[in-house]
Amino acid sequence: MKQKYYITTPIYYPSGNWHIGHCYTTVICDALARFHKMLGEDVFFLTGTDEHGQKVEKEAAKRGVTPLQFIDPLVAELKDMWRLLDISYDRFIRTTDKEHEKCVQKIYEKLFASGDIYKSEYSGYYCTPCESMWTEAQLVNGKCPDCGRDVTLQKEESYFFRLSKYAPRILKLYEDNPEFLQPKSRINEMVNNFLKPGLNDLCVSRTTVKWGVPLPFDQKHCAYVWIDALANYISALGYLSEDEALFKKFWAADLHMVGKEIVRFHAIIWPALLMALGLPVPKQIYGHGWLLIGGDKLSKSKQEAVKCELIDPYELVKRYGSDAVRYFLLREIPFGSDGEYTNEKLLSRINSDLANDLGNLVSRTAAMIGQYFGGVLPERGKAEGVDGELVSAAEGAFRKVKGAMEKLNAPEALSEIFAVVSRANKYIDETAPWILAKDENKRERLGSVLYNLAETVRICAILLKPFLTGAAGRILTSFGCSAEAGFDELEFGGLKAGTKIEKLPPIFPRIDIKKELAEVDGLVKSKKAEKAKAEEKKMEEITIDDFAKVELKVGEVIACERVENSDKLLHETVRIGEEVRSVVSGIAKHYSPEEMVGKKVIVVTNLKPVKLRGVLSEGMILCAEDKNGSLSLVVPEKLTGSGGSVR
Ligand code: MSP
């Protein structure tokens with residue numbers, strides 16, 4: 001039977017502030033999923049979005065839209081980002097999917113019935129950006145220990161999950177099965193920071209948040225967003241639905257790949273929940289490191305505060321292509337650790353590894369076959385001295401790459417492939433085909449050398465398929481192979497003499513780093529300036545007390561005439577309750593004096609009086625202006641007497 005492989009990324013908050021750091025987890029998972037698919041395994045690769053909770057509720061309210069109106073475009077944006085990066089997920093789950101919500105409700109019902117969820121009162125500190133709860137003792141200088149931002153004290157009736165009961169079983173899980181949580185350092189963090197100090201029961205419902213899954217047994221409570229989110233890993237497989245086939249097939253997950261800041265939720269809360277549900281725990285949780293910028297976790301705000309690095313994934317893919325961005329993420333950051341991100345590092349990787357090493361090998365090999373054999377692959381003749389080393393490097397690479405990928409170590413896997421690429425480039429220098437080409441007696445040897453090179457290129461391209469999803473296929477087709485070629489075609493000697501080898505345009509054109517850095521710097525700066533301008537344009541927020549300072553009243557225009565020597569101004573006499581006022585307004589191009597008489601209007605009545613063209617103005621009539629500059633009087637919708645106040 002086919003081996004199964006179930007791999008997940010975390011589900012993403014639809015913040016819209018996407019940056020290259022966000023792509024890290026998903027690109028790694030994609031390379032792993034593709035690798036396992038190529039091994040012939042039955043792979044299920046899950047990703048998605050985490051859409052409930054206070055953060056989304058607040059952001060939507062701020063914009064005056066519903067949470068879904070706020071989220072939908074962001075989800076579309078995220079999916080587009082995954083499309084650009086060639087992410088081959090098998091399912092994209094949204095926590096607003098109805099089946100997911102039903103599953104969350106069933107999980108709560110089950111745990112409530114078994115007594116693992118009970119009602120009590122919550123009092124503690126809440127960090128909205130992290131959607132996490134803290135006790136006073138856990139705060140650092142009164143702030144969230146994870147992100148350092150402000151927390152708010154909250155007290156409310158809540159349901160709790162008996163997390164404390166599962167602490168001994170979680171410790172035992174780590175002891176019996178050290179592979180469960182990797183890298184090893186994360187186990188120490190969990191044990192020392194959370195398990196040893198003692199676990200409290202976890203508050204798993206909120207009454208103050210409305211944007212969430214309502215608890216089936218108490219509708220005024222919503223599910224805590226992290227329980228809702230973690231459940232995606234099983235709801236996506238149909239757990240507790242009418243069709244549990246996928247769940248039966250794929251659970252328990254082989255790998256939950258997550259960033260290190262969310263290991264706590266995955267390695268403590270999640271296994272405890274699964275234990276309470278009587279389900280097996282995932283085989284492994286891997287807490288990878290972060291992309292840093294100026295020493296801090298890369299984020300949109302850090303980019304603006306620290307440096308002018310280009311971190312927008314759309315822009316990066318547009319400039320350098322998806323393969324280059326994927327390659328950098330998979331190769332540059334030592335796996336499990338943090339790694340500094342700079343544009344210079346990205347560009348150097350592109351130039352040195354992709355353009356120079358790989359690009360040159362491919363183009364020189366194809367060009368020489370073109371030049372010396374009319375683009376037709378010659379026979380592989382008798383092997384000579386240096387050939388053995390190249391052949392064994394190419395043949396041995398798969399075992400090494402597989403070994404690295406079993407440890408989830410994509411940088412090591414890539415470095416093994418690129419060691420073969422380097423060996424092949426050295427082989428070109430050692431064999432000097434251009435010298436062989438000058439001697440008719442060496443024609444067979446020249447053919448052999450070029451055959452060996454073409455075969456090495458083919459093998460490297462197959463091995464690169466999970467990583468460079470575009471270029472690998474293009475290399476294969478130009479070397480007369482199917483882009484679908486798999487790991488069962490890695491034996492040296494697979495290419496048939498007589499195959500047509502086509503020259504292909506440079507797969508990774510060299511970049512002038514100095515020029516590019518200057519351009520990118522300009523681009524980031526101009527985007528920054530644009531943003532600052534837009535911010536400036538936004539009106540300052542005012543309080544309700546500020547607004548109350550403006551007195552607005554309903555008035556009735558009882559007389560109106562043009563102001564002498566002005567084509568813009570009208571002079572209105574306005575009755576406001578008992579009072580009659582003289583008002584000048586710049587609406588002569590939009591209303592005639594005759595039209596104005598009898599109109600009910602809204603007047604600002606506590607403006608300091610001024611004289612306009614010698615006429616006293618004791619107020620201002622409100623108008624709406626459209627984008628073409630047309631004015632329309634703001635009028636009370638229903639007839640009201642003059643003097644009524646407006647609020
Ligand atoms: N919604 C939660 C996860 C719930 S899973 C049940 C969440 N979302 S997130 O959008 O904030 O992060 C998604 C992934 O992006 C996480 O794995 C996170 O670690 C990763 N990254 C975000 N910024 C990152 C870096 N600067 N570097 C590397 N990965 C980082 O957390």
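Helix α1 covers residues 20-38 in this predicted model, a run of 19 residues. From its first C-alpha to its last, α1 reaches 26 Å, which is close to the 27 Å expected at 1.5 Å a residue. Not much of this helix is out in the open: 16 of its 19 residues are buried. An α-helix has 3.6 residues a turn, so residues three or four places apart point the same way. After α1 comes Gly-40, a residue with a positive phi, near 90 degrees.

Helix α1 also has a part in holding the ligand, giving four residues to the shell around it, the most of any contributor. The shell has 24 residues, and the ones that come nearest to the ligand are Ile-11, Asp-50, Gly-259, Glu-261 and Leu-291. Sorted by class, the shell is made up of 13 nonpolar, eight polar and three charged residues. Some of the contacts with the ligand are between N or O atoms. Gly-21 takes part through its backbone, where an N or O atom lies 3.2 Å from a nitrogen atom of the ligand. Leu-291 also uses a backbone N or O atom, found 2.9 Å from a ligand nitrogen. With Glu-261 it is the side chain that does the job: one of its N or O atoms is 2.9 Å from an oxygen atom of the ligand. How much of the ligand does the protein bury? On its own the ligand exposes 680 Å², and the protein buries 96% of that. The elements that give two or more residues to the shell are α1 and α7, the latter spanning residues 225-230.

Next come two peptide bonds that are cis. One runs from Gln-182 to Pro-183, with omega near -10 degrees. Pro-183 sits in the loop between β7 (181-182) and α6 (184-195). The other runs from Trp-251 to Ala-252, and here omega is near 10 degrees. Ala-252 is likewise a loop residue, placed between α9 (245-250) and β12 (255-259).

Backbone angles bring up two further residues. Asp-86 is not a glycine, yet its phi is positive, at about 60 degrees. Its place is the loop that links α3 (67-84) with β3 (91-94). Is Asp-86 buried, partly exposed or exposed? With a relative accessible area of 31%, Asp-86 counts as partly exposed, because the buried class stops under 20% and the exposed class starts over 50%. Leu-408 is another residue other than glycine with a positive phi, this time near 65 degrees. Leu-408 lies in the loop between α15 (387-406) and α16 (410-431). Its relative accessible area is 6%, so Leu-408 is buried.

Asp-86 turns up again in the surroundings of Ser-322. Leaving out residues up to four places away in sequence, Ser-322 touches Leu-84, Leu-85, Asp-86 and Val-317. Ser-322 belongs to helix α13, which covers residues 322-332. Its relative accessible area is 14%, so Ser-322 is buried.

A second serine, Ser-617, is part of a strand, β22 (residues 615-617). Ser-617 has a relative accessibility of 5% and therefore counts as buried. What does the side chain of Ser-617 reach? It reaches the backbone oxygen of Gly-619, at 3.2 Å. Setting aside neighbours within four places in sequence, Ser-617 is in contact with Ser-582, Val-583, Val-584, Pro-609, Val-610 and Leu-612.

Last up is Gly-643, found in the loop between β25 (631-633) and β26 (645-646). Gly-643 is partly exposed, with a relative accessible area of 25%. How far apart are Gly-643 and Leu-552 in sequence and in space? Along the sequence they are 91 residues apart, while C-alpha to C-alpha they are 9.4 Å apart. Gly-643 touches Lys-553, Val-554, Ile-576 and Gly-577, again not counting residues up to four places away in sequence.

Key:
Residues numbered from 1 in each chain as written. Predicted model: local features only at pLDDT ≥ 70, side-chain atom pairs only at ≥ 80, totals over all residues. Heavy atoms only, no water. Buried < 20%, exposed > 50% of the residue type's maximum accessible area, 1.4 Å probe, protein only. Contact = heavy atoms within 4.5 Å. Expected span 1.5 Å × (residues − 1). Near = heavy atom within 4 Å. Polar contact = N/O pair within 3.5 Å; in protein donor to acceptor, adjacent residues only side chain to side chain. Areas by Shrake-Rupley, 256 points an atom, 1.4 Å probe, with all protein chains shown as cover. Nonpolar A, V, L, I, M, F, W, Y, C, P; charged D, E, K, R; others polar.
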